[in-house]
Amino acid sequence: MKEAEQNRSANGGLSFSVPLLIFVLLFVLSSAVLVGVFARAASISQQAEALNDGVQLCRNAAEVYRSTGDLRQTAALLGGEPGSTQLAYDKELCLTTEAGAVYLLTLSQRVDGDLHAGTFTVCTAGGDEVFTLTEELFLPEVGQ
Amino acid sequence: MNRKRFRIGSVAILFAVIVLCVAIFAVLTVVTARSDLRTAEQYSAHVQAIGRCRSEANRWLAQMDALIVSGSLSPENLPANTRLEGSQISASLHAGNVTLTARLELLPGNTYRITRWTVTTDWEEDLGGDWLRP
C-alpha cells in the first residue's frame with residue numbers, strides 16, 4: 001500500500017515536471033533565437049554607421065583636396081601633420097592617435113601630367129575597407 | 001489527500017505573449033537596420049557617382065585644354081559627347097544618375113573660360129513598398 005502510494009507520488013512529480021521542462025526548453029530556445037536576431041540587427045546597424053562615417057570622412061577629405069589640389073596641404077587642413085598619408089579618427093570622427101583609432105583615413109595621390117588624382121580610403125582599425133573615393137583634378141601649371 | 005497542483009497554463013500564456021512581443025520588436029529592429037544600411041549604401045553610391053563624374057569632367061577638361069592651347073581644335077578631333085557651337089564648347093558627362101554639364105567659351109589667343117560647370121542628379125520618387133527587401 002505504501003509502495004503504491006510512493007509510485008503514484010513519483011508519477012505525479014514526473015507528469016508535472018515533463019511539461020514544465022518542455023516549457024522551459026522552448027522558452028530558452030526562443031530566447032536564443034531572439035538574441036540572435038537582435039545581434040544580427042546590431043551588426044547591420046554597425047555596418048550602416050561605419051559606411052556613413054566612411055563616406056563622410058572621404059567626402060570631407062576629397063572636398064579639401066579639391067580646394068587645394070595638394071595632398072600635403074590636404075593633410076594639414078584636415079588636422080594632421082603636413083605630408084602625413086594616414087589620419088586616425090575616433091568614433092565621433094575627431095582626429096586621434098592610432099592607438100585610439102576607430103577609422104583610418106589613407107590619403108594617396110597620383111600625378112599624371114596636369115591630372116592629379118587623390119584617392120581617399122577609410123578602413124576600420126581592424127583593417128576592413130569601408131569606403132574609397134577618388135577625385136581627379138586638372139591643374140595646369142601656372143604660366144602654361 | 002492534500003496534494004498541491006501547480007498550474008503552468010497562465011504562466012505559459014504570459015511567457016508566450018512576452019516572447020511574441022519581443023519577437024515582433026526583433027523583426028522591427030532588423031527591418032529598421034536593413035533600411036538604414038540600404039540608405040547608407042545608396043548615399044555612398046551617389047557620392048561615388050559624383051566623384052566619378054567630376055573626375056571624368058576634369059579629364060575632359062584636360063583634353064580640351066590640350067586641344068585649345070595647341071591650337072588644334074576642330075570638330076573632327078573633339079572628344080565624345082562634346083559639341084562645338086561658334087565659340088562655345090559644351091559637354092554632358094554622366095556617371096550613374098549624376099550628370100555634369102560643362103561649357104567653355106573660346107577666347108582669343110588660344111585661351112578659354114569655363115562658363116558652366118553644373119552637377120545635376122536625376123531623381124525618381126521612391127514610393128516605398130520594397131522596405132522588406134534585404
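This report walks through a predicted model of two chains, A and B, starting with a sheet in chain A and ending with a loop in chain B.

## The sheet in chain A

Chain A has an open sheet of five strands, and the order is 2-1-3-4-5 with antiparallel pairing. At the edges stand strand 2 (95-96) and strand 5 (129-138) of chain A, each with a single partner strand, so one side of each has no neighbour in the sheet.

For strand 5 of chain A, that partner is strand 4 (residues 115-124) of chain A: the two pair in the antiparallel sense over nine bridges. One pairing to look at is A:F120, whose bridge partner in strand 5 of chain A is A:L133. Chain B comes in here too: its helix 1 (residues 9-70) packs on the sheet and touches strand 4 and strand 5 of chain A. The direction of this helix makes about 20° with that of strand 5 of chain A.

## A residue on strand 4

A:T121 is a handy spot to pause, sitting in strand 4 of chain A. Its relative accessible area is 15%, which is under the 20% cut-off, so A:T121 is classed as buried. Skipping residues up to four places away in sequence, A:T121 touches A:C58, A:L104, A:L105, A:T106, A:E129, A:F131 and A:T132.

## Two nonpolar cores

The largest nonpolar core holds 30 residues, and the ones with the most contacts inside it are A:L78, A:L105, A:L107, A:F120 and A:F131. Both chains feed into this core: the elements giving two or more residues are helix 1 (2-68), helix 2 (71-77), strand 1 (86-89), strand 3 (103-112), strand 4 and strand 5 of chain A, plus helix 1 of chain B. Helix 1 of chain A is the top contributor, with 11 residues.

Apart from this core lies another one, of 21 residues. Its members include A:F138 from chain A and B:A57, B:L61 and B:L104 from chain B.

## Where the chains meet

Between chain A and chain B, about 2900 Å² is buried, and carbon and sulfur atoms give 72% of that. The contact draws 32 residues from chain A and 33 residues from chain B. On the chain A side, A:F23, A:E136 and A:F138 supply 19% of the area that chain A buries against chain B, more than any other three residues.

A:E136 deserves a closer look. This residue lies in strand 5 of chain A and is buried, with a relative accessible area of 11%. The side chain of A:E136 makes a polar contact with the side chain of B:R59, at 2.5 Å. Setting aside neighbours within four places in sequence, A:E136 is in contact with A:L115, A:H116 and A:A117 in chain A, and with B:R54, B:S55, B:N58 and B:R59 in chain B.

## A loop in chain B

B:S72 is found in the loop between helix 1 and strand 1 (82-85) of chain B. This serine is partly exposed, with a relative accessible area of 32%. Its side chain makes a polar contact with the side chain of B:S70 (2.8 Å). Not counting neighbours within four places in sequence, B:S72 is in contact with B:L67 and B:N77.

For a sense of span, compare B:S72 with B:V30: the two are 42 residues apart along the chain, and their C-alpha atoms are separated by 60 Å.

Conventions. Residues are numbered from 1 along each chain as its sequence is written. Chains are lettered from A and ligands numbered from 1 in the order in which they are written. This is a predicted model: local features need pLDDT of at least 70, side-chain atom pairs count only at pLDDT 80 or more; totals for chains, interfaces and linings use all residues. Side-chain values use heavy atoms; hydrogens and water are left out. Two strands pair if DSSP finds at least two bridges between them. Helices (H or I, at least four residues) and strands (E, at least two) are DSSP runs, numbered from the N terminus. Contact means heavy atoms within 4.5 Å. Axes are lines fitted to C-alpha atoms, for helices over the stretch in contact, and angles run from 0 to 180 degrees between N-to-C directions. A nonpolar core is a set of buried Ala, Val, Leu, Ile, Met, Phe, Trp, Tyr and Cys residues joined through side-chain atoms within 4.5 Å. Buried means under 20% relative accessible area, exposed over 50%, partly exposed in between (1.4 Å probe, protein chains only). A polar contact is a pair of N or O atoms within 3.5 Å; within protein, one must be able to donate a hydrogen and the other to accept it, and residues adjacent in sequence count only if both atoms are side-chain atoms. Buried area is the accessible area (1.4 Å probe) that two parts lose on being put together, summed over both.
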